[in-house]
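Visitor: I should be grateful for a close look at a single part of this structure, followed by a few words on its unusual backbone positions.

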Amino acid sequence: MPTKLLMVSTVASTLSAFLLPHVKCMQQQGWIVDGAANGIIGNDKCISTFNSVYDIKWSRNPFDVFRMIEAMDRIRSIVEDGGYDVVHVHTPIASAVTRFALRHMVKAKQIKMMYTAHGFHFYKGAPLLNWLVYYPIEKYLSRYTDVLVTINKEDYARAQRKFCTPVVYYIPGIGVDIEKFKRCKVSKHDKRVELGIPDNAFVLLSVGELANRKNQRVVIRALGKINDPTIFYVIAGKGPLENEYMRLAMQNGIADNVMLLGHRLDIDEICKVADVFVHPSVREGLGIAPLESMAVGLPLISSYVNGIKDYTQDGVTGCCISNPLDVEAMVAAILTMRDNIEFRKRCALNNIEIAKSFDMKFSLKAMSNIYCRQVAK
């Protein structure tokens with residue numbers, strides 16, 4: 001009988017955007033891999049990749065008791081009826097509810113429970129509330145987790161010291177498609193024309209959800225202070241702060257220089273027309289987008305917090321900012337990048353080499369070994 005694996009996340013987009021290469025890798029080894037998430041029935045990529053899919057209406061509100069109980073019943077039924085050998089959970093809500101719902105099966109060794117933490121909410125410098133809420137929950141649920149996979153070194157060290165999970169692994173993220181970004185060929189001039197960016201512009205690029213955690217507002221405020229009409233800030237992504245960012249750009253007199261592109265499928269091409277990648281997150285498990293930009297050869301302005309520390313160094317990868325909310329530090333970093341071409345070139349070459357360590361092939365091999373090792377026990 002083939003080994004059966006169920007991958008679980010809160011929303012289907014997590015599976016389709018990041019985890020399908022891992023699904024295909026295990027299918028090639030003869031495993032049956034199914035997926036469960038909210039909205040998965042309408043996700044064409046998931047439907048065409050997983051062997052079977054199950055929709056679960058998770059609630060993002062932890063106080064929505066009825067929905068939580070309903071979700072627990074649903075995931076319990078799926079696993080009991082499906083005869084799975086391994087359940088692998090991702091994202092905080094789905095992982096917490098699933099592990100709690102299946103704790104009896106884990107204790108009875110009826111299944112192997114795996115959890116990939118894509119960045120704990122508690123980390124050095126995190127708000128006290130995060131430690132009071134998320135840390136006790138994760139510590140309790142660690143006793144119902146057979147294998148914990150971490151993607152940054154801070155989380156790995158803490159999990160080894162503090163949690164009850166018997167096996168903890170570190171892998172270099174879920175993988176960056178280095179070859180895709182290396183293969184990308186595009187005319188810088190033509191792409192800038194397409195986007196409406198002048199040839200002589202100095203272009204900053206950010207990729208990610210328009211949300212408080214990604215903190216793009218600090219860049220907009222910094223550009224308002226610099227007030228250089230030749231600097232353009234391009235943001236690819238969607239999110240709840242889109243209108244706020246448009247208003248903020250107008251208030252700072254730089255509305256014509258801040259471009260909100262929405263969701264894009266041509267990030268590799270957009271990276272080719274940028275001068276610097278900016279990643280000012282206040283929290284980041286690792287960060288795929290900055291690593292992709294490094295693979296292209298972009299210098300980096302980034303915050304210096306939890307997972308980002310694993311691949312950045314001030315003066316080597318670019319400019320690192322210890323306090324992500326520090327507007328003046330962002331101003332200084334942007335001006336350094338704008339005015340020092342040799343520094344940008346040096347960082348670009350460094351980043352191409354650093355990004356290679358996070359290549360998809362290493363993550364796929366690491367996860368494949370972890371899966372097979374646990375099933376063999």
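Guide: The account below takes one helix and then turns to two loop residues. The model is predicted, and the description should be read with that in mind.

The chosen part is helix 14, which covers residues 327-339. Helix 14 has 13 residues and reaches 18 Å from its first C-alpha to its last, close to the 18 Å expected at 1.5 Å a residue. At the start of helix 14, a side-chain oxygen of Asp326 comes to within 3.1 Å of the backbone nitrogen of Glu328. The buried residues of helix 14 are Val327, Met330, Val331, Ala333, Ile334 and Met337. Viewed down the axis of helix 14, these buried residues fall within an arc of 165°, so they line one face of the helix.

Two loop positions deserve attention for their backbone angles. Most residues other than glycine have a negative phi. Lys109 is not a glycine, yet it has a positive phi of about 60°. Lys109 is placed in the loop between helix 5 (103-107) and strand 5 (112-117). With a relative accessible area of 72%, Lys109 is exposed, the cut-off for that term being over 50%.

Asn227, likewise not a glycine, has a positive phi of about 55°. The loop that holds Asn227 runs between helix 10 (217-226) and strand 9 (231-236). Asn227 counts as exposed, at 53% relative accessibility.

How values were computed
Residues are numbered from 1 along each chain as its sequence is written. This is a predicted model: local features need pLDDT of at least 70, side-chain atom pairs count only at pLDDT 80 or more; totals for chains, interfaces and linings use all residues. Side-chain values use heavy atoms; hydrogens and water are left out. Helices (H or I, at least four residues) and strands (E, at least two) are DSSP runs, numbered from the N terminus. The expected span of a helix is 1.5 Å times one less than its number of residues. Buried means under 20% relative accessible area, exposed over 50%, partly exposed in between (1.4 Å probe, protein chains only). The arc is that of the directions from the helix axis to the C-beta atoms. A polar contact is a pair of N or O atoms within 3.5 Å; within protein, one must be able to donate a hydrogen and the other to accept it, and residues adjacent in sequence count only if both atoms are side-chain atoms.
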